Amino acid sequence: MLTISNYVKAKTPEEAYELNQARSSRVMGGMMWMRLGNARVKTVIDLSELGLDQIEESDNVIKIGAMCTLRQLEECEALKEMYGDGIAESVRHIVGVQFRNQATVGGSIYGRFGFSDVLTAFLALDTFVELYDGGTIRLSEFVNRKPDKDILLSLIVRKSKRKFRYESIRQTKTDFPVIACSVVTGMVHGKETWYFCVGARPMKAALLEKQWEIPKDVSEEMLAEYARQAASEFTYGTNMRGSAEYRRHLAEVLIRREMSSILAEGR
Amino acid sequence: MEIQFILNQKQVTAEIGADAVLLNVLRDLGCKSVKCGCETTNCGLCTVWIDGKSRLSCSVLAASIAGHEVTTLEGVAEEAEEFGSFLAGEGAEQCGFCSPGFIMNVLAMFRELDSPGIDEIKEYLAGNLCRCTGYMGQLRAIQKYMQAKKTQKMAQRRGEATA
Amino acid sequence: MMAAAMTEKMDKKQAGTVKNPGKLRVVNQPVSKVDAPALVTGKAVYTNDLAPSDCLIVKVLRSPHAHALIKDINITRAEAVPGIECILTYKDCPDKRFTMAGQTYPEPSPYDRLILDQRVRFVGDAAAIVAGTSEEAVKKAMKLIKVKYEVLEPVLDFHTAKDNPILVHPEENWKSLCPVGADNKRNLCAHEMSESGNIEEVLASCDYVIDRVYHTKANQQAMMETFRTYTYLDTYGRLNVVSSTQVPFHVRRILANALDIPKHKVRVVKPRIGGGFGAKQTSVSEVYPSIVTWKTGKPAKIIYTREESLIASSPRHEMEMHVRLGADKEGNIRGIDLYTLSNTGAFGEHGPTTVGLSGHKSIPLYGKAEAFRFTYDVVYTNVMSAGAYRGYGATQGIFAIESAVNELAQVLGMDPAVLREKNMVREGQVMPAYYGETARSCALDRCLKRAKEMIGWDGKYPRRDMGNGKVRGVGVAMAMQGSGISGVDTGSVAIKVNDDGFYSLMIGATDMGTGCDTILSQMAAECLDCELEDIIVSGVDTDTSPYDCGSYASSTTYVTGMAVVKTCETLRAKICERGAEYLGCSSDDVEFDGQKVTNLKTGDSISRKEIGNRVMCSSNAPLSANEAFSSPTSPPPFMAGIAEVEIDKETGVIELIDYAAVVDCGTVVNPNLARIQTEGGIAQGIGMALYEDVVYNAKGKNYSNSFMQYKIPSRLDVGNIRVEFESSYEPTGPFGAKSIGEIVINTPSPAISNAIQNAVGVIIRELPMTAEKVYRGMQGK
């Protein structure tokens with residue numbers, strides 16, 4: 001059970017940060033997960049008046065405020081233009097419209113949940129997080145940090161000509177994923193680079209980077225071999241939704257399909 | 001703490017705890033249509049609108065809605081009755097316990113989407129669980145309601161044209 | 001002219017059972033439910049909407065252990081929490097065992113419960129009851145109760161429960177009221193064997209014998225409104241109980257037993273219910289606020305959380321079924337042998353009865369069999385107690401028998417639909433495994449034929465490769481159920497004529513959303529030749545409603561429906577008598593057309609309105625009638641279901657594409673409500689087939705404790721469900737009707753299993769049929 005003694009709507013990021021330094025303070029996102037935990041929170045800090053609920057596009061980046069909802073991500077034209085339907089695909093299975101009107105990007109990323117679709121999607125892209133105290137760091141670095149008392153202000157995705165795919169397997173359509181995979185490819189420092197991200201293994205999403213030059217007309221067998229290679233570099237676990245072995249197989253299938261789809265687009 | 005917000009077009013004041021959830025505050029304010037089916041944001045029974053958007057009142061901190069506008073089924077009674085008659089026309093309310101949250105999200109959908117197709121409807125309403133009906137009757141009711149509205153609009157336009 | 005009028009009068013007198021369905025005016029019409037306007041506008045009509053605001057909040061402290069003895073329970077600190085009114089432990093509860101099963105007395109379910117017991121028998125079992133003025137206070141107090149448990153080894157594997165040295169119910173005051181083969185010293189809740197013919201001889205002489213084991217899991221009814229009850233003492237010091245229950249009259253007895261108080265001290269009221277599906281045929285929540293109110297004199301309420309509703313409730317019995325099915329080369333099914341092992345969990349609610357249906361409502365689908373044998377054991381284990389869930393054992397048995405028939409079809413190289421056409425039970429046949437009853441109404445053949453047409457079976461069977469890595473298959477199953485419990489279920493009905501001649505229809509049957517208030521009013525309006533609006537109906541109150549065993553066992557339409565017909569016949573005669581009296585003539589000379597009583601000799605008449613008003617002035621007899629009905633038979637509805645699935649050949653992911661179902665429920669009393677019942681039951685069946693599972697860890701902790709983990713289907717998970725009716729005419733039912741409520745959940749598991757079998761050749765014998773199981777099956781080939 002969650003109990004809260006004080007509720008504060010922070011007026012500035014400074015105020016939010018200062019309040020959050022107390023051991024029993026917590027920053028609230030959409031309250032989807034925090035509510036389900038057992039905690040005695042002295043002060044809950046609401047960031048909703050800090051203007052963090054906007055998605056801003058500039059020449060080089062798309063900046064997603066921490067308080068943006070998953071529904072905003074789903075409907076964001078800028079992200080769609082840049083990365084196709086993949087971003088919407090990564091969130092549209094999450095419970096329902098009402099849930100996605102409420103769950104925040106900041107909450108999803110900060111929580112670093114094993115089941116997180118949002119994390120699985122953005123980890124594969126060229127993504128940074130903007131922290132109040134810690135500055136702007138790579139999402140891949142943030143993911144492996146222990147939760148601390150900093151404030152997550154926004155998610156920054158660098159625009160680039162990368163191709164993005166997202167796929168997941170679920171038991172019921174709106175359940176947590178049994179497995180979720182994103183694949184991104186593009187030129188990095190002049191080299192064709194592939195990023196693979198697998199979430200819900202059921203451990204939290206992890207990222208794999210490969211400098212693979214794959215011809216657009218690669219044979220099915222070769223492609224399968226690449227996918228096998230990529231999938232084999234992740235670890236998998238067993239829970240109610242699937243065994244480690246099955247998850248590894250699914251990751252391989254999804255990665256192959258996503259790579260194939262990207263290559264087909266290039267043809 | 002005391003909060004003020006607009007509930008069904010009326011300014012209201014409520015004395016609440018910092019951890020009070022909106023669902024309970026609304027029920028205490030007399031909006032008994034708002035139901036709780038799961039506590040874990042999976043069922044959609046507690047759906048209300050906050051500033052016009054469908055949200056799950058079971059996981060909204062009441063403190064956070066100060067100054068915002070909340071709408072429950074009681075606030076859209078006429079529309080609910082109109083759509084509800086189509087639902088009842090199919091027998092698709094059955095036990096009725098999920099009807100208020102469902103109807104709130106259906107009405108939100110009509111505000112957001114223009115003549116949605118079957119797949120769009122299903123996806124938009126996927127967060128509204130129903131254990132009685134198997135969902136088919138709800139879909140029939142929505143389709144018939146949309147058709148009736150369309151006919152109504154066309155008749156109106158014809159009326160305006162001839163006037 | 002006179003003669004013609006008299007003949008017509010004779011016709012009218014026989015209105016009801018013999019009325020030609022083609023001539024029906026209100027029955028067989030798709031009218032809206034009488035409570036619909038309130039429900040769709042969110043009116044305060046459910047238990048928690050009605051509970052007074054000053055109710056004490058009641059919560060149950062639950063055991064973290066699957067099996068333990070409470071050595072010490074210290075409530076001192078908890079009692080000191082401000083606002084706490086009452087904390088009860090096993091020491092405060094009567095030491096008289098009872099059952100929470102809502103069944104007719106003497107209940108087949110054993111008396112194995114106490115409100116609180118020193119021995120806790122599953123993770124989630126009640127250890128203490130806490131009541132206070134606020135939820136916060138109660139939750140705080142619960143944390144401060146210190147319980148010392150002596151942890152015992154649990155029995156968690158139901159295969160090893162029978163004759164296990166660890167006993168779930170070693171207590172001496174355990175008792176079984178009926179001869180169901182129960183023995184608590186063997187962990188046995190029931191055992192029986194029944195047979196006809198010599199099954200061993202028949203199977204030995206069969207060309208083919210399918211010998212397989214099937215396993216169905218516990219499933220949650222998952223009605224949207226969880227268990228809930230509030231209680232208070234009335235002016236007369238009686239315990240008033242307002243509860244979301246399917247069985248108000250049984251709850252009255254259960255509470256009297258549990259609290260060890262006289263039955264006349266208890267009144268039970270049922271308001272609108274947010275779904276039941278059998279869950280609320282067990283008195284899951286009523287005892288807790290009742291004992292609090294009884295002890296404190298204060299109003300109290302309990303609202304089960306969804307978690308409590310998933311860990312300490314009354315789910316479907318897990319069953320393992322060993323089928324031996326014998327046939328000759330031509331596909332004539334000659335013998336069926338079934339052994340069912342049923343897991344009743346920590347308590348025996350509905351244990352001895354559900355299991356019976358696994359055989360008695362599956363084997364009779366095959367009318368040609370020369371012999372059958374049906375044996376079962378029902379065992380206690382240290383998991384949550386099972387209970388009644390739509391289908392009530394038939395669902396499990398039909399999965400096993402229908403799957404075995406589908407496996408036989410494969411062995412024979414025969415179309416499974418053709419195999420069924422060859423063997424299915426037909427109208428007029430005696431069903432030895434169905435207590436020797438005759439199928440007096442049966443359109444199963446037409447149901448299957450139509451379902452095949454709907455899905456396009458001949459073009460789609462067995463599979464179509466879609467060329468994109470996906471393959472589609474179709475699969476078939478049949479089902480039956482009963483209509484009430486023969487010789488047991490009793491429904492009574494009373495109808496009063498009021499001023500202006502409107503009718504009060506009083507029933508004890510409990511509308512749980514399924515619409516019995518409406519369909520019973522339809523029947524009454526039909527019989528009384530009036531409009532639906534001329535009849536009022538209300539919820540159940542055990543103080544004033546006529547006795548009804550409740551809404552379960554698919555009994556309401558058939559049993560209570562017949563009571564309505566009988567009551568109307570009696571009332572029509574009384575209205576004629578009273579009209580004749582007021583007209584000053586003999587009742588032989590009058591007829592009642594629904595609006596007025598007319599003297600056929602003179603043409604004088606008196607309106608129903610006037611009769612109603614005059615009854616209220618200087619009258620020595622009320623103008624009302626009441627009748628009861630109980631049936632010596634339980635005519636089965638029948639059904640065929642065909643599923644079309646699409647399988648991803650790489651991942652095993654199953655997409656349900658289409659589901660065609662055709663039901664024979666006799667005359668359809670309300671086509672809309674029957675259709676919704678069918679679609680809803682199929683959706684629940686799809687959940688059972690593909691998604692739903694109650695998962696325990698090695699220590700007996702239930703992981704499926706929320707809607708995040710126990711996944712019922714959303715509208716994206718059920719494909720397209722299409723329903724039609726092929727009606728037979730049941731001569732013993734009201735207007736030819738039989739039941740609809742339960743049968744509809746029975747076909748999805750075997751039909752979907754068969755569709756997977758036909759698509760990719762994988763046979764899954766354990767539910768739910770997950771993508772991983774299909775994948776593993778494909779790997780194994």
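Domain bounds, as used on this tour, come from an automatic or database domain assignment. The structure on screen is a predicted model, and the stops below run from chain B to chain C and end in chain A.

**Stop 1: chain B and its two domains**

Select chain B and colour it by domain, using residues 2-74 for domain 1 and residues 76-156 for domain 2, as the domain assignment gives them. With the C-alpha atoms shown, the centres of domain 1 of chain B and domain 2 of chain B are separated by 22 Å. Where the two meet, domain 1 of chain B contributes 15 residues and domain 2 of chain B contributes 15 residues to the contact. On the side of domain 1 of chain B that touches domain 2 of chain B, select strand S3 (residues 47-50) of chain B, from which the largest share, three residues, comes. That side of domain 1 of chain B is made up of seven nonpolar, six polar and two charged residues.

Now switch chain B to a cartoon, in which five helices and five strands can be traced. Followed along the sequence, these elements of chain B come in the pattern β-β-α-β-β-β-α-α-α-α. Chain B has a radius of gyration of 17 Å, close to the 15 Å that the globule rule gives for 163 residues, so chain B is as compact as a globular protein of that length. Taken along the principal axes, the box that its C-alpha atoms fill is roughly 55 × 40 × 25 Å. Of the 163 residues in chain B, 56% count as buried, and among the contacts of chain B between residues at least 6 apart in sequence, 59% join residues at least 24 apart.

**Stop 2: where chain C meets chain B**

Keep chain B visible and add chain C, then look at the contact between them, which takes 41 residues from chain C and 42 residues from chain B. On the side of chain C that touches chain B, the elements giving two or more residues are helix H2 (36-40) and helix H18 (671-690) of chain C. Select H18(C) next, since the largest share of that side, eight residues, comes from H18(C). Coloured by class, the side of chain C that touches chain B shows 20 nonpolar, 14 polar and seven charged residues.

**Stop 3: chain C as a whole**

Hide chain B and view chain C alone, where there are 20 helices and 30 strands. A compact globule of 781 residues would have a radius of gyration near 28 Å, and chain C, with 27 Å, agrees with this. Along its principal axes the C-alpha trace of chain C spans about 85 × 75 × 50 Å. Buried residues account for 62% of the 781 residues in chain C, and of the contacts in chain C with a separation of 6 or more, 80% are between residues 24 or more positions apart.

**Stop 4: the nonpolar core and helix H19 of chain C**

In soluble globular proteins, nonpolar side chains tend to be buried together. The largest nonpolar core here has 383 residues, and those with the most contacts inside it are C:Ile129, C:Val130, C:Ala524, C:Met639, C:Val663 and C:Ile756. Helix H16 (residues 556-583) of chain C gives the most to this core, with ten residues.

Which residues are in contact with C:Ile756, leaving aside its neighbours within four places in sequence? Show side chains for C:Gly473, C:Val645, C:Ile647, C:Ile654, C:Val762, C:Ile764, C:Met769 and C:Val774, and the set is in view.

Then select helix H19 (residues 748-760) of chain C, whose 13 residues should span 18 Å at 1.5 Å a residue, and whose end C-alpha atoms are 18 Å apart, which agrees. H19(C) is mostly covered, with 13 of its 13 residues buried. Following H19(C) is C:Gly761, which has a positive phi, near 75°.

**Stop 5: chain A against chain B**

Bring chain B back and add chain A, of which 24 residues are in contact with 23 residues of chain B. The side of chain A that touches chain B receives two or more residues from each of strand S1 (2-9), strand S3 (39-46) and helix H5 (97-100) of chain A. S1(A) gives the most to that side, with six residues, and by class the side has eleven nonpolar, nine polar and four charged residues.

Finally, colour chain A by its assigned domains, which are domain 1 (2-46), domain 2 (55-158) and domain 3 (163-265). The C-alpha centres of domain 1 of chain A and domain 3 of chain A are 36 Å apart.

Notes
Residues are numbered from 1 along each chain as its sequence is written. Chains are lettered from A and ligands numbered from 1 in the order in which they are written. This is a predicted model: local features need pLDDT of at least 70, side-chain atom pairs count only at pLDDT 80 or more; totals for chains, interfaces and linings use all residues. A nonpolar core is a set of buried Ala, Val, Leu, Ile, Met, Phe, Trp, Tyr and Cys residues joined through C-beta atoms within 7 Å. A residue is buried if 20 or more other C-beta atoms lie within 10 Å of its own, exposed if 12 or fewer, and partly exposed in between; C-beta atoms are placed from the backbone. Helices (H or I, at least four residues) and strands (E, at least two) are DSSP runs, numbered from the N terminus. Two residues are in contact if their C-beta atoms, placed from the backbone, lie within 7 Å. Ala, Val, Leu, Ile, Met, Phe, Trp, Tyr, Cys and Pro count as nonpolar, Asp, Glu, Lys and Arg as charged, and the others, Gly among them, as polar. The radius of gyration is taken over C-alpha atoms; the globule rule is 2.2 Å times the number of residues to the power 0.38. The expected span of a helix is 1.5 Å times one less than its number of residues.
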